[in-house]
Structure formats: C-alpha cells, structure tokens
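Here are my notes for you, written as numbered points. Keep the viewer open and click along as you read.

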Amino acid sequence: MSKSPSILIVESDESLAQELSGRLQSSEGCVEIARSCAETLNLLQGRTFDLILCDSNPSDLEGTETLKLIRRSDPESTVIVWSSTPSVQAAVEFMRLGAVNYLDKSSELEKIPLILSEALRKRRVENQVKKNSSAFDLDSIVGESLGMQRVLNMVRRVAPTDSTVLIHGESGTGKELIAKAIHHLSARNEGNLVALNCGAIPPELLESELFGFEKGAFTGAHRTRIGRFEMADKGTIFLDEIGDMPLTLQVKMLRVLQERTIDRVGGGGPIRVDVRVIAATHQDLPAAIQEKRFREDLYYRLNVFPIEVPPLRERKSDIPLLAQTILERFRFKREHDIEGFSEEVTAAFMEYHWPGNVRELENIIERAVIMKDGGLVRLEDLPEGPFGAFETDESLVPEVSEQVRGQFHQGEVNFSTAVTNFERQLILEALDRTNWVKNRAAKLLDMKRTTLVEKMKRINLEKDAQVKN
C-alpha cells in the first residue's frame, strides 16, 4: 500500500495549528507542527514533507524569507502560504517564490482541509506523470484499490523468478502493462521484451512470426528472418490473446515450453532459446478446453503463476486518480490548459460500468482534451453515447404501460402488484437509456438520485444492475 502523506504546519498560533492538525490527522496522515522558522528548518534536517502549510509571517522571520529557506531545504515539497492579512502584492510575491497557493486564514479556515487534500492529490498525480518509462516500476501502475494492490503484490513475488505467467483479464484492463512490470522487475530487464498479439495476426502467418523462417521456405521468403522468440532470447516474450492461437500451432508452442527450442519454418533443426514466457487472455480457457478450442496440456504449462487483473468496474476507487493521471498525460502532450474534471463528470465516471475498462477511459479523456482548450472537463464534453445529455421531456409511459394493458386484457389486475411492476419497468427503461448512469436516469425520471437509489433497493434492482454492469 502507498505510504501516508506527510504534512508540516508552520504556525505561531499553537491553538490554531492544533485545531487544524486534529482535522488532518484522521483524514490525510502524518501531521507535524512548527511554531517558528527555526523549528521548521530543524524538522527539515534530513527529511522531506509532501506538503507544507506556512504562515506568511512566522514569529521569528519575515514570511518570504521563511519560504526561501524552506525551498532551499526541501525544494520538492508542495508549499501553501496562508495569511491573516492577505494582499494581492503578497500573493504575487509568494507564488513567484514557489508557493502553489495563497490563502486567507479568516475566510478560508473551514476550507483548508479540503484544499490541502486536493493539493496532495495533485502532487500524487504529478509524481505519477513524471515517472520515467525507461525506469519502469510498480509506481507506474495507477491503482490503490485492494484488487490492484493484490495484483501488484503478485507481480513483486513472481518477477524475480523465471516462472511462466498467465495474465487473465477483460480487454482494456492493462494486461500488457502488468507484463512490462514483471519483465522490468526481473533479472532479464536488460534483455528485450517482445510482444505479439496472437489474435491480430492471420493464423497462416503466426508460425513464421513466432519462430521465423529460412530463405526459400516459401514463395516470397527471399531471406532468412528470425522470429519473435529469437528476438526475445535472454529476455521475455509476451503472447497476448493466447486463447486465439490455432490448435495446430498450440502443439508447437507446447514443445517450445517443454524443450526451450524452436524450429524456423523451413529450417534444418532446433534452435535453443532462453526466453521467459508471459501470456495473457480475456477468454475463459477452461471453457475453451471443454469446447476443444484450447489444449489442456498447454494450459497447464502456461498457468504456472496465474494473475487476474480486475475490470475497472470492480476497482472504482481508482478512477479519480487514474482519470487525473491520464488527463495530465494528454494535457502535457497537447499543451492544453485543462484544470481537471467537474463534480458531475467525476460522479458520472464513478457510476458508469466501463465495458472497455481503462482503455475506454483513456479514449474518452483524450477526446475531451481534444475538444477543450482549458477549464474543467464537463458532461457536455464527453461522448453522448455513455455520458451525453438525455431528453428529459421524452415520455417513457407509452412503452412501459403496454404491460399493464395486457394485464387488463387477461382479467388479472392487482393494483399493488401492477404499480410495483410499472415502477420497476419505468426505472429499468430509464437506466437502460442512460447506460445505468444513475444521476442521468434520475434526471430522466425527474427525481432525486437518492430517491432513485432507494427505489432500486426497495424493488431489488441492485442485482440486475450488477448483471448489467
């Protein structure tokens, strides 16, 4: 799990500092207090803080000088200055010296915990974006949920070994990213990581892509070409969508795993390769075995160390940080001054069931960045399919009420049952039209979201929602 952030409060008014510290300790992590510049510098000896909230005029030094000394001692920390006598000139000077915000103690005291929490979140996002991809490590994978922490722990365990790994997860969950983490954390990280999507290459060409071919092996083979296994020698090969590999090739793949040798197409003999194999699939391989589409012996050779990557709908607590990280990446790439997401967008992201997983989230955010030049990303900036505005004056009654009329024709009418069924069908129709985004469905039904949620619980629609998602 990620460590708790560390916060330093520089404030000469001890009662004020203690009050604020008490609020932050329970929600944000480790908080320390310094009552003067001297105490601040003493605390900064040999350590750093994620965030420093500094009084503009501590008791023993002018505020700007305090900020300069903090910056020299801890240049990487995020510093926010607050003042009991704020002024525009002071704000400009403190921001010029590196403060990220300048606050009014009297009017913004109640907002301070929220402001600091947002500053810490932005710091985590910025640190994530700054990660150098050539120095790949587990911090490059955004995920603080229990499901993703379980995956990362398994990666740490298996990476130093040479064991074969089978990664299972829906399309778009980041299986290749997990494979990269395993390779870069292994002793093979100086060798190549060679990736091949078995479902993206025609079956008749897949064998030569994997194992290579000799000159003259077939028409058009004008020179010898090595395959992906030889490219990955002393490194790792990542076989994505292994479930799409033809049965005829699965036999040869089994031999490679058993003997660690390959045969080029048209070749004269086996070639030994030193390769670690990581495979991935979105398919249910045990079911494919029952349907005779996948070899059982190959499955057991691949499934030495299985890793299940959870879909995005099962790790929704990761969505805010994940979305902000993706936004920062695209914002930096396109040089657009976008501040973040509106509350409505964040709520919609949390409600949506994400059939395309992280890849779908990336596509939606990239589109929003293209459409926007600055400001917050709002609902109207998102694609109309999953998130667009829905007509609130469109009547749902004619379609749903046909079922009630049918009950009259059959002479079987129970008022209570009919009303409950009608209500259930009306809510289901609204949810279907809004892709199960509850806040949009509530607007379509002209009711509060909390009312909708209560009605769904009362008529037992939660299980239906899980199946739909």
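1. Start with leucine 166: its bridge partner in β14 is proline 306. Strand β6, residues 165-168, runs parallel to β14, and the two pair over four bridges. Bear in mind as you look that this is a predicted model.

2. Now zoom out to the sheet. Which order do its five strands take? Reading across, you get β7-β10-β13-β6-β14, an open sheet with parallel pairing. The edges are β7 (193-197) and β14 (305-308), each of which pairs on one side only. On average, neighbouring strands here are turned by 20° against each other, direction ignored.

3. Next, look for the helix α7, which packs on this sheet and touches β6, β13 (276-281) and β14. The direction of α7 makes about 155° with that of β14.

4. Leading into that helix is a loop between α6 (112-130) and α7 (146-158), and serine 145 sits in the loop. Is serine 145 buried or exposed? Serine 145 is buried, because its relative accessible area is 7%, and the cut-off for buried is under 20%. Leaving out residues up to four places away in sequence, serine 145 touches Arg315, Ser317 and Asp318.

5. On to the greasy part. Nonpolar side chains tend to be buried together in soluble globular proteins. In this model the largest nonpolar core has 31 residues, and those with the most contacts inside it are Leu210, Phe229, Leu239, Ile242 and Phe294. Several elements give two or more residues to this core, including β7, α9 (203-211), β10 (236-240) and α12 (285-290). The biggest giver is α11, with five residues.

6. Try clicking on leucine 239. Not counting neighbours within four places in sequence, leucine 239 is in contact with a whole list of residues, among them Leu196, Leu210, Phe229, Met253 and Val277. Apart from this core lies another, of 27 residues, including Tyr352, Leu361, Ile365 and Val369.

7. Last, the cysteines. How many disulfides does the structure hold? Zero. Why does cysteine 54 have no bond to cysteine 37? Their sulfurs are 7.7 Å apart, and cysteine 37 holds the closest cysteine sulfur to that of cysteine 54, so the gap is too far for a bond; a disulfide needs the sulfur atoms within 2.5 Å. Cysteine 54 counts as buried at 1% relative accessibility, whereas cysteine 30 is partly exposed, with a relative accessible area of 36%.

Note on methods
Residues are numbered from 1 along each chain as its sequence is written. This is a predicted model: local features need pLDDT of at least 70, side-chain atom pairs count only at pLDDT 80 or more; totals for chains, interfaces and linings use all residues. Side-chain values use heavy atoms; hydrogens and water are left out. Buried means under 20% relative accessible area, exposed over 50%, partly exposed in between (1.4 Å probe, protein chains only). Contact means heavy atoms within 4.5 Å. Two strands pair if DSSP finds at least two bridges between them. Axes are lines fitted to C-alpha atoms, for helices over the stretch in contact, and angles run from 0 to 180 degrees between N-to-C directions. A nonpolar core is a set of buried Ala, Val, Leu, Ile, Met, Phe, Trp, Tyr and Cys residues joined through side-chain atoms within 4.5 Å.
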